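Here are my comments on the model, set out as numbered points for a colleague who will want to check each one against the coordinates.

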Amino acid sequence: MNKKKFLVGLLAFVFVAAGVFAGGAGEKVWAPGTKASTPDKFAAIGVIHPYFYPMEGAVKDYASNTATQAIYQATKDFDMGEENTIIDGLTPQGYNGFALWPGHPYSVNVTITALKKAGIPVILIAGQAKLPTDAQLCIATDVAASAAEGARQVIKAMGDKGNFVDILGMLSDPNTLIRKAAIEKVISEHPNVKLLDTISDTDAFEAATSKIPPFFAARWDEIDGAQTTAYVAAVVTSQYLTERKNDRVKFVGIDEDQKVLDAIRDGYILGTMTQSPYAQAYLGLTGLHLLRQGYTVKPGKYFIDSGYFLLDKSKLDSWQDIIKANAQQMAKIFVADYFNPPSK
Amino acid sequence: MVGEHSAVAHEQSGLRKAVDRTLKGLMLQSSLGVGGVTVIFAVVLALFTQGFMTSGNVFNMSRTFSLWIIVGFSQMMVLTVGQMNLSAGAIGGLAAVTVGGMFQNLGSPDWLVILAGLGVGAACGAFNGLFIVLTGIDAFIVTLASTSIFLGINYGWTHGMPFSTVPAAFQFMGAGSVLNTIPIMFFIMVFVALVLYFVFRHTVFGRRVLAVGGNQEAAVLSGINAKWMIFSVHTLSGLLAGLGGVLFVSRLGAAHPSIGSDWLLLSFAVPVIGGTSLKGGDTSILGVVFGGVLMTLITTGLVLLNVDPFLEQLFLGVLLLLAVIVDRARTVYVRGRAFE
């Protein structure tokens, strides 16, 4: 081998290695229950999807209100690999706390454990990981309870009898399976209600438009009620029921797309189940700060339900205020209910 | 008497041969193979599902396959020169948010918005074409990269949030119908199909495109400007993807940034099932139409047949394979008979 090239290569390796070690040396790794020696530098990671959109604002507000460095990043797809790429890019830049959406309930735990070993706390937002987990907290919608409540509202409006259609999001999303089970449990508690069909993988417009309207059109007379727990499916179904000028089928969607809100206002659908992504992100970052100040999570506390309710016609003008009030109430009790102060 | 019998027998033999030749000619048409499978599948669904033949279901399926066929045409344009356009979905999405943004932020009139959506599509396609002909880099790589560029512009602008202010009049394209059964989108699709048929069948441009796809070197030696042909088909591909985006916004009544995210497989499956060669030089407009209808029937049919949602992808793959195997078997059989 060319001696000159070898020496250059060796020198380059020495410089890089020195940089890596020097970057890590001297900084004490944070451990739970201790106060961190470096300023907070946080990242909240979501997905490029309308549900996560309020999180960007929450991060900006948190950074502004607390004079903390905080950024919002999002993956293109609901993919843990993409999320890992973002985390791998941020940790060398000194980011020392992550409010993460769990790209995958099992795989995310590998990432969380690695971050914990590096002294970086993680709070999960908008979804849960499989237990046990090294995440300190999880702030998310109780998707099972939300789905069950939506199903109960539909069945109540159906008069406790008839055929019910369950429209699901991506089967690869663990939340989907939780919601499916919850809805089927509610239906099983009402003997006069039958699950007519389950339509799945509808959280993309192409799939939703090819499955939902044709199904409804073909079996219209048999359908008495329907529910979806997927954003795109809620939009497509609301659009279809609006076109149809529906005044019979009882339908509950999810989230607050304008198409869904318009359909509620016009009386074509019953309502939609809300969630609270803003609160999830804001409180997630707040929790990270507390942890790095030496606070610890109270034993037995892990999951925080960020809240949901049925947004129907009566709440069309006040739903944003309700969500804000719920978030503020959560913020009031957040520290006292979930954290122990630092030991002296 | 013997002579008369001979004359009649000769005439009957000639008639039989003519019918046989016509049938063979028809069977050699790849589009009719797919068409046959499509008809068979439609009959099966009509017999074994409830509500398949209701006007509402026919209307909704027609809207879906009309859109998918246009997306298929977008990819078909590029396949005819033996290339690929991986960015068709990203172009459709960018055109969609352009439409939404112009309505919501500028309050622009419908005609200007439609032109802008098509223009954005054509511009994106032209970008692809120009890069390919100037650098000589494979279309796969260029369009792979441009997918990220177009998506980046989309997401950078919208941050993933949809534009929801779409005028009711604009939504007529996506929601309107004739006789409550035939969607307006169907007529738009038929118009595009007829134009493309005319271009490939009766214009010098179309013939030159197929020549470049069939054998680029020979086409160049014949005096055809291959680079211009490649640039043109990519531009047209973008234009058609843009049209798909515009129609999707009209269909949904909102411009979602994720429009086009599922177009990649669709844009290839529709023309290829319909008989368009991946190597270039050959295409069938009717085949693309049947390919789109078949894909819609399979996707919708699996829902109507109440297939277990966890097994849906398995059935989709099996049915697609069956469709192409049947068509392949037809081709092999007929070509074998042709040499007898």
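1. A residue is called buried here when its relative accessible area is under 20%, exposed when over 50%, and partly exposed in between. The model is predicted, and local features are reported only where pLDDT is at least 70.

2. With that cut-off in hand, helix H9 of chain B, residues 204–214, can be read by its two sides: B:Gly206, B:Val209, B:Leu210, B:Val212 and B:Gly213 are buried. These residues lie on the same side of H9(B), because they cover an arc of only 160 degrees around the axis. The face turned away from that buried side carries B:Val204 and B:Gly214, which are exposed. As for what covers the buried residues of H9(B), the cover includes helix H8 (184–202), helix H10 (216–221) and H11 of chain B.

3. For context, the secondary structure of chain B amounts to 14 helices and 2 strands, and 52% of its 340 residues count as buried. If one takes the contacts in chain B between residues at least 6 apart in sequence, 76% of them join residues at least 24 apart.

4. How many residues of each chain take part in the contact between chain B and chain A? On the side of chain B there are 40 residues, and they are in contact with 36 residues of chain A. The area buried between the two chains is about 3200 Å², and carbon and sulfur atoms give 60% of this area.

5. Across this interface there are 8 residue pairs in polar contact, with both residues at pLDDT 80 or more. On the side of chain B that touches chain A, the elements that give two or more residues are helix H3 (55–79), helix H6 (139–158), helix H11 (226–252) and helix H13 (285–304) of chain B. The largest share comes from H3(B), with 7 residues. Sorted by class, this side of chain B has 16 nonpolar, 20 polar and 4 charged residues.

6. Which side chains form the salt bridge between the chains? The rule finds 1 salt bridge across the interface of chain B and chain A, and in it the side chains of A:Glu243 and B:Arg63 meet at 3.0 Å, N to O. Over all chains, the structure holds 12 salt bridges.

7. Two salt bridges within helices of chain A can be described in parallel. In one, the side chains of A:Lys60 and A:Glu56 meet at 3.7 Å, N to O; these residues are 4 apart in helix H2 (residues 53–66) of chain A, and are therefore separated by about one helical turn. A:Lys60 is exposed, with a relative accessible area of 56%, whereas A:Glu56 counts as buried at 17%. In the other, A:Lys180 pairs with A:Glu184, the closest N and O atoms being 3.1 Å apart, and about one helical turn separates them because they are 4 residues apart in helix H6 (residues 174–188) of chain A. Here A:Lys180 counts as buried at 15% relative accessibility, while A:Glu184 is partly exposed at 28%.

8. A further salt bridge joins A:Arg248 to A:Asp224, with the closest N and O atoms 3.7 Å apart. This pair links distant parts of the chain, 24 residues apart: A:Arg248 is in the loop between helix H8 (231–243) and strand E9 (250–254) of chain A, and A:Asp224 is in the loop between helix H7 (205–218) and strand E8 (225–228) of chain A. A:Arg248 counts as partly exposed at 29% relative accessibility, and A:Asp224 is partly exposed at 25%.

Technical notes:
Residues are numbered from 1 along each chain as its sequence is written. Chains are lettered from A and ligands numbered from 1 in the order in which they are written. Side-chain values use heavy atoms; hydrogens and water are left out. Contact means heavy atoms within 4.5 Å. Buried area is the accessible area (1.4 Å probe) that two parts lose on being put together, summed over both. A salt bridge is a side-chain nitrogen of Lys or Arg within 4 Å of a carboxyl oxygen of Asp or Glu. A polar contact is a pair of N or O atoms within 3.5 Å; within protein, one must be able to donate a hydrogen and the other to accept it, and residues adjacent in sequence count only if both atoms are side-chain atoms. Ala, Val, Leu, Ile, Met, Phe, Trp, Tyr, Cys and Pro count as nonpolar, Asp, Glu, Lys and Arg as charged, and the others, Gly among them, as polar. Buried means under 20% relative accessible area, exposed over 50%, partly exposed in between (1.4 Å probe, protein chains only). The arc is that of the directions from the helix axis to the C-beta atoms.
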